[in-house]
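User: Could you take a close look at the empty space inside this model and tell me what surrounds it? I'd like one connected walk-through, with the cut-offs spelled out.

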Amino acid sequence: MSESTFAVDPRPRKRQRARKACLPCRQRKRKCDVQFPCSACSTYGYQCQYPADDGPSAPFVGKSHASQVSPNSTASPFGSSPTKAARIARLERDETPESPESAVDQGILDPVKTRYMGLHSVMAFPRNLGLEFQSANPPRVHSFAWNCGIRKEDDGSNHINLKSLISRGDFELYQRVYFEAVHPMFGILDKQIFSRNADQFWSETGGHSAFEAILAGVVALGSFFSATLGHPSEMEIVQHAKNILEDPVISRRVSIDQVSAWILRTLYLRLTTRPHMAWLASNIAMHLAEATGIHHEMDAVVLTTDPSSRIVPNQSGCEQARRLFWCAWMINSMISYEYGRSSSSLNNITCRQPTSSKGDYTALLISVAQLVPRESLDAGPDLHHTLPQIQKIPDDHPFISMSKADLCMSLYRHHRLLKHPIDKKEILLIISIGNTATEAACKLAQENKFWWNVLCTVFQYACVLLAIDTLDSLAQVQSAMCTLENIAAQLQNHVSTEAVNTLRILLRDSMKKKRQEVQLLEAADSDLGANTSNELGDMENVDINWDALLDPWYVPTLLPQQFQIGAEDRGIFPSM
């Protein structure tokens, strides 16, 4: 059974000998041995590329400024990168060798073991030397002398079979629930290929693989989103997937299926357990994405252990790989920012972002995650520019609306921590996005689709309203409280009860603090004394604009008009 859940043509393409030197050697007037890659390109870190009419086109998986995608790029998340012909033309126009930094950023992908590493890594260096020395059989990409080899590696563990935990009929049921509830948000699987591989799994007997962990993850999430209590063996199925993913024999063979399985595990942990566990799993998924090289374009030509073989990518498989990587990136970014921890940062991301399609909201979620600030924590988020961008993202699905609000709440908490001022316009944007998310949470709760933010978003929104503490925000507290209580009444568990009780305590403490402040003002008013009562009485009919009075920026310009001071008295105010 195939390990990969998206299509890549496994047939090797026979290398044809080039009739001319490669483009880097031709442009730099170097001697080329017309190998793939040639020794000169291997030595100096050039992108070994042959013209289309001369033979195979085979650059390293390296830094391509034109196709490199920045996670925080302001461009459309659905843009495309230049064609291969444009890249060749740029290379022919370039008259200077590539910079040392560019060579360091380059990587190598072993398609046999689907593992990616830097070109300067300890595993790739012996092979690079062999190519430089023009060895007849250069060393393979391998962890030579990585340790002293005193102890043998783990032999792995014996696992029960998923077929013993769930029947074929139940699997079909929970698979349908998964593709209805989860797949539109996180489209990491190709449904047709998944179904084909699942049929093969149920019809054959064999050893365990990472794909079995994907099956278990699909079943677990489908069971979670079922209207009933789910499958009675749901926890055993989740543990079964974990055991497979942590098996030393399986984990040593890095595969794209492992990335998918860890994303599914991250989603389940985010739905069911503490943030630390979900954050750890999301980072593992990101590191596996780097290890498999999917943070680069799958249609980029790769350097293999065997120069005579080359992966011929399938276009639908390339698109699915983009979805897989950007979903891993998006989940890790959102969980890390909400949790207040560092996300996994990969260098030189050249993977294009996935396209948008009807009924699929993966690209929209990625566009939300792209607005997570990447600058220094000391600078703080830019609410003035970020909040309008968040509001512009279409509310095509309730989960999108809640994710937008999650990011708004995270931005505000960070902004407030730094004691930065906030404009009324920004407050109104937060309220607008939060109210939409509250309605979305109520809708999903009625449909029994209890995503993590059905409860979390409403609770955090109510907390932010209390923290903003303006007439506009406090006017929304009652509605948010009612929604939270209604959702808690549906859930009827300790987590929802704890959230409602905590919010009530915060509300009452806020009221108590305000009463104490009013008492202090009343005490100050009563201490003025009777001797000033007449003077105060003379001012009772004066219409005072207290906002202008308490804001020093308005003193020179507005006070004369607001207090109707005569022209003879205006000289006491300095001119602006």
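Analyst: Here's a walk through the cavities, then the core, the pocket and a few single residues.

A word on the ground rules: this is a predicted model, where local features need pLDDT of at least 70, side-chain atom pairs count only at pLDDT 80 or more, and totals for chains, interfaces and linings use all residues. Residues are numbered from 1 along each chain as its sequence is written, and side-chain values use heavy atoms, with hydrogens and water left out.

Cavities first. Rolling a probe the size of a water molecule over the atoms shows where empty space is left. Here, a search of the whole structure turns up three cavities of 30 Å³ or more. A cavity is a set of points, on a 1 Å grid over the protein atoms alone, where a 1.4 Å probe fits but cannot get out; lining residues have an atom within 4 Å of a point. Points are joined across faces, edges and corners, and a volume is the space filled by probe spheres set on them.

The largest cavity comes to about 150 Å³. It has 13 lining residues, and Met 330, Met 334, Phe 399, Ser 403 and Trp 452 are the closest to its centre. Helix H13 (315–339), helix H16 (398–417) and H18 are the elements that give two or more residues to this lining, with the largest share, five residues, coming from H13. (Helices are DSSP runs of H or I, at least four residues, and strands are runs of E, at least two, numbered from the N terminus.) By class, the lining has eight nonpolar, two polar and three charged residues; Ala, Val, Leu, Ile, Met, Phe, Trp, Tyr, Cys and Pro count as nonpolar, Asp, Glu, Lys and Arg as charged, and the others, Gly among them, as polar.

The second largest cavity has a volume of about 80 Å³. Its lining includes Ala 213, Gly 217, Val 238, Leu 264, Arg 265 and Tyr 268. Helix H8 (210–224), helix H9 (234–245) and helix H11 (256–272) each supply at least two residues of that lining, and H11 has the largest share with five. The class count is nine nonpolar, one polar and one charged.

Met 330 links the largest cavity to the packing. In the largest nonpolar core, with 122 residues, Met 330 is among those that touch the most other members, along with Tyr 178, Val 182, Phe 186, Phe 194, Phe 325 and Trp 451. Helix H18 (residues 452–468) gives the most to this core, twelve residues. A nonpolar core is a set of buried Ala, Val, Leu, Ile, Met, Phe, Trp, Tyr and Cys residues joined through side-chain atoms within 4.5 Å. Buried means under 20% relative accessible area, exposed over 50%, and partly exposed in between (1.4 Å probe, protein chains only).

Not counting residues up to four places away in sequence, Met 330 touches Phe 186, Leu 365, Ile 366 and Ala 369, where contact means heavy atoms within 4.5 Å. Leu 365, Ile 366 and Ala 369 are buried residues of H14, and that helix (residues 362–369) is mostly covered, with eight of its eight residues buried.

Arg 323 also sits in helix H13. Why does Arg 323 count as buried? Because its relative accessibility is 8%. Leaving aside neighbours within four places in sequence, Arg 323 is in contact with residues including Gly 187, Pro 354, Asp 360 and Thr 362.

As for open space, the largest pocket holds about 1,700 Å³. A pocket is an open set of points with protein on both sides within 12 Å along at least five of seven lines. Of its 48 lining residues, Arg 270, Leu 271, Thr 272, Thr 273 and Val 495 are the closest to the centre. H18 turns up again, giving the largest share of this lining, seven residues. The classes are 24 nonpolar, 14 polar and ten charged.

Two loops next to the helices above deserve a glance. Lys 419, in the loop between H16 and helix H17 (424–446), has a positive phi near 60 degrees and is exposed at 75% relative accessible area. Asn 448, in the loop between H17 and H18, also has phi near 60 degrees, but Asn 448 is partly exposed, at 35%. Most residues other than glycine have a negative phi.
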